[in-house]
Every structure is written in structure tokens, then in C-alpha cells.
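Student: Could we go through this one together, starting with how you decide that two residues touch?

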2 protein chains.
Amino acid sequence: MQIAIFLYDHMTALDAIGPYEVLSRLPGAETVFVATRPGPVRCDTRHLALVADAGIAEVTTPDVLVVPGWSGARQTELLGPGAVRDWLREVDRHTTWTTSACTGALVLAAAGLLTGRRATTHWLATDRLAELGARPAHERVVFDGKYVTAAGVSAGIDMALALAARIDGDGTAQAIQLGIEYDPQPPFDAGSAAKAPGDIVAAMTAIRDFILDGAPA
Amino acid sequence: MQIAIFLYDHMTALDAIGPYEVLSRLPGAETVFVATRPGPVRCDTRHLALVADAGIAEVTTPDVLVVPGWSGARQTELLGPGAVRDWLREVDRHTTWTTSACTGALVLAAAGLLTGRRATTHWLATDRLAELGARPAHERVVFDGKYVTAAGVSAGIDMALALAARIDGDGTAQAIQLGIEYDPQPPFDAGSAAKAPGDIVAAMTAIRDFILDGAPA
């Protein structure tokens, strides 16, 4: 079972690493990080690069596709026509599961893969997901057929555990959860727009386009 | 404020990326991934490499140090005398906070930094932490002076949020939590040895040395 995790400039590392740390531990998993070209790919903070061991030309029939989200960059190439879109559509013809974390759902939607489907994304990007033809759901993990989307950043961990259970059963998913000791105890209950202090939600909403797109082009 | 995240062969990616995704978003944070030498560093699954932008010779006075854990390798060099230990001790003289996730606590303890201190680590490594002179606590995050340790893998996220609050206040930590939408909803309640099914705990405990050290040398 090949699990392909797609990397691109300005991606958010945890969007990719959360699902990776779960799915790569599935029995028989062969995980490959893939980008347009092999080599280091710089994340949104610019302070970290992950290495893509393969280019998209080498990975054409993965069983599972994971697309992380990004922040701070106008992703014209990623969301428009071109080699990435072509690759996503071709790969999706072969996958058993096509998945995303955070604004990775926008990438799938822009490629036409979520049209009319229920899906979730980062809470700041819900409107954009609707504009791209999906039906946004305010849920942490959404399954719609073989398409599995997760809410913002850390939600990829929950998504991957739910997916691991579908792929190899509850026991395997629980063993992976215990292995990564995922017994979350956040010090605050501020992880969703419904629960966080209103002033924090308002401040982030006010700079939504900056958070997603970075400085105006 | 410089945040140094130490990378080494066979580390567990999420141990580093969880704290990174939180702490790098602190106002004024300058995050640097550092290894013995700059360049790609391969993680425990062997399917991913993170890039260290700096070598230890270049990073001598960080404000915050983060040491991730590993799996599947006998870490003789990491836990014994040598350049890494010397660097950890020297750097620790300058830090405001010295932290770890998962078995990173063993690295700190082996360097003598946790002697007599309360600390936590991956649930499979508690005995080893005691052997190295720390006082293991079965808690998700432990503060003892400037030393902050987290339980296994995913606990680094909780540790970093608690630390972010100490560094820049609750509001900042909550904003970061909302930014990474950390509203965990694991599909199972199996993330600790106290809660997971007994047969899974027993099976993992039986192969503890293999999980930590890999194939016998």
C-alpha cells in the first residue's frame, strides 16, 4: 500500500506530518513524500524544509494520497491549471483514498475532486471551499466516499486515525494511537472558532486573507 | 528569541514538528533546525527527511531548546559522551527553557540535565528515564524549573502550548491553538497505557526494546 504525501512550497508542516506519523505505521505501508521535483520543500514559516524523495512523474498510482494545506502564499499555480492539477486528477483515478488536511481541501476542490461533496477545511477557509464547489461541513473529519478531509492543521491526526481504522481495523488504529501516545490534553479549550475567546476569533478573521495569501501580490 | 530544534538520525518527526508548529508562531520567534551537521536528517520510518539549516557549531546560545525522541535505533552516540552531549550541556547554560518530547527526555537525562528532576517521556521509556537519574512522572507535560518534558510523540503539541503561555501569555497560546485548530477529537480513547485495550498495551510492552532500539545490534 503506497501512501503519497504531496509537498509544495509554503505548505504547513504539521498538516503533512500528522497524517504521516499515523499512516506510515500501518502494516504494509510504503510512504513516499512527493513534490513537483524531488528535493527540499520549504514550509510556510520558511524555517523548515521537508525533503521530497520523489517527483510527481515517479508516483502515479498511490493507494492513498494526502494533500496538506498552506499559509502565507498566493497559491496561483497550485489552485490553477497545470502540472499539479493534472497529476492530482490522474492520481485520484487510482487511489483508494484521497485525503487532505487544512487548506489541502482547497487544492483538491480546485482540481474538481470535491465538486458537490461534503468536505471540511481550516475554519478560516470555509467560504473558499464553497466557492470551489464543495459543500463545507463544520466538522473535524469528513468522509464522503473515498474523499476524506480534515479541518485545520492538527486535525490531520484525527483524520488519519479514523482512516487507519477504515483501512486496517480499530485495533490497528488504537495501537498506532498508543504508539504516538495521542491522549491530547491541551492547556486551553481554544482550538475551534466556536470555543476560542471572541476577540481572538475576530482578530484572526480580520486578517484572514493575509493568513492564507500572505502580503498582497 | 531563538528556538533551536535538534534533529538527529532516527528521530520521530512529529516529536519535532508538534512543538515547532506552535513555538515558531510566537511573536519574535526565530526558529532554527540544527543537527550535528547541516543537511537532511532521516526520521525513524526512513521515509522522510527534515532539513537542518544549521550545524551545532553555529547555534550556541538559543533561548529555547527542543529535543525530540526517536524509535528503532540504538542511540549510542546520542546518549553517550561526545560532541552532542557537550553541545547540549553548553547550550543549556544559556537557555531560558530546555525542553523535550517523547524519548528526547532520555537524551537530556543522559547529558545530566534532568538529574533529580521530575520529568516525563514516552510511556514505554519510563524505566529508562529513571535509570538515567530523573524522577519519572506519569504526566503529559512536566515543568521542573526551566526543564519542560512531554510524554510520547503527540504530547509535544500540548507541551509547546503550555510553554507558549508561559513565554507570551495565555492569549497568545490560545491564538496559536486556534490557528492550528487544535480541538482534538481522536476517534478512540486509546492514547495512553491506562486507557488503551490491555492486549494492545501488553503487545507493545513485550517488544519495547525493539520499538526503542530496533533490531539487536
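Tutor: Two residues are in contact if their C-beta atoms, placed from the backbone, lie within 7 Å. Keep in mind as we go that this is a predicted model.

Student: OK, so with that, which residues of H1(A) meet which residues of H6(A)?

Tutor: From H1(A) the residues are A:Asp15, A:Gly18, A:Pro19, A:Val22 and A:Leu23, and they meet A:Gly156, A:Ile157, A:Met159, A:Ala160, A:Leu161, A:Leu163 and A:Ala164 in H6(A). Sorted by class, this contact of H1(A) with H6(A) has 9 nonpolar, 2 polar and 1 charged residues.

Student: And at what angle do H1(A) and H6(A) pack?

Tutor: The angle is about 30°, and the axes of H1(A) and H6(A) lie 8 Å apart. Angles under 35 degrees count as roughly parallel, and H1(A) and H6(A) are therefore described as roughly parallel to each other.

Student: Is that crossing left-handed or right-handed?

Tutor: The crossing of H1(A) and H6(A) is right-handed.

Student: Switching to the other chain, what's the strand order in the open sheet of chain B?

Tutor: The sheet has 7 strands in the order S5-S2-S1-S6-S7-S11-S10, and its pairing is mixed. At the edges are strand S5 (54-55) and strand S10 (141-144) of chain B, each of which pairs on one side only.

Student: How many bridges join S10(B) to S11?

Tutor: There are 4 bridges between S10(B) and strand S11 (residues 147-150) of chain B, and these two strands run antiparallel. Within S11(B), B:Ala150 is the bridge partner of B:Val141. Helix H6 (residues 155-168) of chain B packs on the sheet, where it touches strand S7 (97-100), S10 and S11 of chain B, and its direction makes about 150° with that of S11(B).

Student: Now the pair of chains: how many residues of chain A are in contact with chain B?

Tutor: On chain A 56 residues are in contact with 56 residues of chain B. Helices H1 (13-23), H6 (155-168), H7 (170-179) and H8 (198-206) of chain A are among the elements giving two or more residues to that side, as are strands S2 (30-35) and S4 (49-52). H7(A) gives the most, with 8 residues, and the whole side of chain A divides into 34 nonpolar, 15 polar and 7 charged residues.

Student: What turn lays chain A on chain B?

Tutor: A turn of 180° with a shift of 0.0 Å along the axis does so, with an RMSD of 0.0 Å, which is the relation of a two-fold axis. In chain A, the C-alpha nearest that axis belongs to A:Leu50, at 2.3 Å. The same surface serves both copies, since 100% of the contact residues of chain A recur in chain B.

Note on methods. Residues numbered from 1 in each chain as written. Chains lettered and ligands numbered in written order. Predicted model: local features only at pLDDT ≥ 70, side-chain atom pairs only at ≥ 80, totals over all residues. Pairing = 2+ DSSP bridges. Axes fitted to C-alpha atoms, helices over the stretch in contact; angles between N-to-C directions. Least-squares fit on C-alpha atoms with pLDDT ≥ 70 in both. Nonpolar A, V, L, I, M, F, W, Y, C, P; charged D, E, K, R; others polar. Parallel < 35°, antiparallel > 145°, perpendicular 65-115°, else oblique. Left-handed = near helix turned anticlockwise from the far one by under 90°.
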